[in-house]
Amino acid sequence: NAQARRIAVIFKESSVYLFRGEVGPIGDVAAFEPQWRQTLESFRAMTAEDLQLATGQRIHAVEAKPDQTWAEIARQSSIKQYPEETLRLLNAQYPVGEPRAGDLIKIVQ
């Protein structure tokens with residue numbers, strides 16, 4: 001049911017990148033075209049700063065300690081905004097619940 005579809009291929013060094021975009025049934029075709037071109041024109045190799053951002057955080061599974069709370073874990077997390085809420089969501093304990101000793105929990109470092 002797309003109103004418009006675009007495909008682009010970018011050859012860069014020895015790699016080929018295929019992009020596909022489309023405007024759904026209620027999308028704005030006029031707005032899509034410049035955004036599509038802007039996206040394609042922004043394609044570039046990652047910088048050292050990009051790589052640091054992309055590899056800066058990882059999810060790790062660790063065993064919860066006795067009496068450990070999400071608030072305590074959040075204080076040690078590298079998550080900048082809403083760390084406790086994010087950790088609860090990652091661990092299917094949003095909006096309430098606390099880790100139990102011995103449970104494997106996901107943390108972000």
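## Briefing on a two-core predicted chain

The chain carries 13 positive and 14 negative side chains, and the centres of these two sets are 5 Å apart. Please keep in mind that this is a predicted model. Its radius of gyration is 21 Å, whereas a compact globule of 109 residues would have one near 13 Å. Here is a tour, from the overall layout down to single residues.

**Layout and surface**

- Four helices and four strands make up the secondary structure of the chain, and their order along the sequence is β-β-α-α-β-α-α-β.
- Along the principal axes, the C-alpha atoms fill a box of roughly 55 × 35 × 20 Å.
- Buried residues make up 20% of the 109 in the chain.
- The accessible surface is about 8500 Å², and carbon and sulfur atoms contribute 52% of that.
- Among contacts with a separation of 6 or more, 48% join residues that are 24 or more positions apart.

**The nonpolar cores**

- The largest nonpolar core is a set of nine residues: Ala64, Trp70, Ile73, Ala74, Ile79, Leu87, Ile105, Ile107 and Val108.
- Two elements each give two or more residues to this core, namely helix H3 (70-75) and strand E4 (104-108).
- A second core, separate from that one, has five residues, including Ala4, Val23, Phe32 and Trp36.
- Leu87, a member of the largest core, is in contact with Trp70, Ile73, Ala74, Ser77, Ile79, Lys106, Ile107 and Val108, once its neighbours within four places in sequence are left aside.

**Around helix H1**

- Glu33 sits in helix H1, which covers residues 29-41.
- With a relative accessible area of 22%, Glu33 is partly exposed, because it falls between the 20% limit for buried and the 50% limit for exposed.
- From Glu33 to Ala48 there are 15 residues in sequence, and their C-alpha atoms are 31 Å apart in space.
- Phe43 belongs to the loop between H1 and helix H2 (48-54).
- The relative accessibility of Phe43 is 27%, so this residue counts as partly exposed.
- Beyond residues up to four places away in sequence, Phe43 touches Ile10, Lys12, Tyr17 and Phe19.
- One of those partners, Ile10, is 33 residues from Phe43 along the chain, with 8.7 Å between the two C-alpha atoms.

**Backbone features to look at**

- As background, most peptide bonds are trans, and most residues other than glycine have a negative phi.
- The peptide bond from Tyr94 to Pro95 is cis, and its omega is near 10 degrees.
- Pro95 is placed in the loop between helix H4 (83-90) and E4.
- Ala92 is found in the loop between H4 and E4, and its phi is positive, near 55 degrees, though the residue is not a glycine.
- Ala92 counts as exposed because its relative accessibility is 71%, over the 50% limit.
- Asp67 is another non-glycine residue with a positive phi, of about 65 degrees, and its place is in the loop between strand E3 (59-63) and H3.
- The relative accessible area of Asp67 is 77%, so Asp67 is exposed.

Technical notes: Residues numbered from 1 in each chain as written. Predicted model: local features only at pLDDT ≥ 70, side-chain atom pairs only at ≥ 80, totals over all residues. Heavy atoms only, no water. Rg over C-alpha atoms; globule rule 2.2 N^0.38 Å. Buried < 20%, exposed > 50% of the residue type's maximum accessible area, 1.4 Å probe, protein only. Contact = heavy atoms within 4.5 Å. Areas by Shrake-Rupley, 256 points an atom, 1.4 Å probe, with all protein chains shown as cover. Lys, Arg positive; Asp, Glu negative; His and termini not counted. Charge placed at Lys NZ, Arg CZ, Asp CG, Glu CD. Core = buried A, V, L, I, M, F, W, Y, C linked by side-chain atoms within 4.5 Å.
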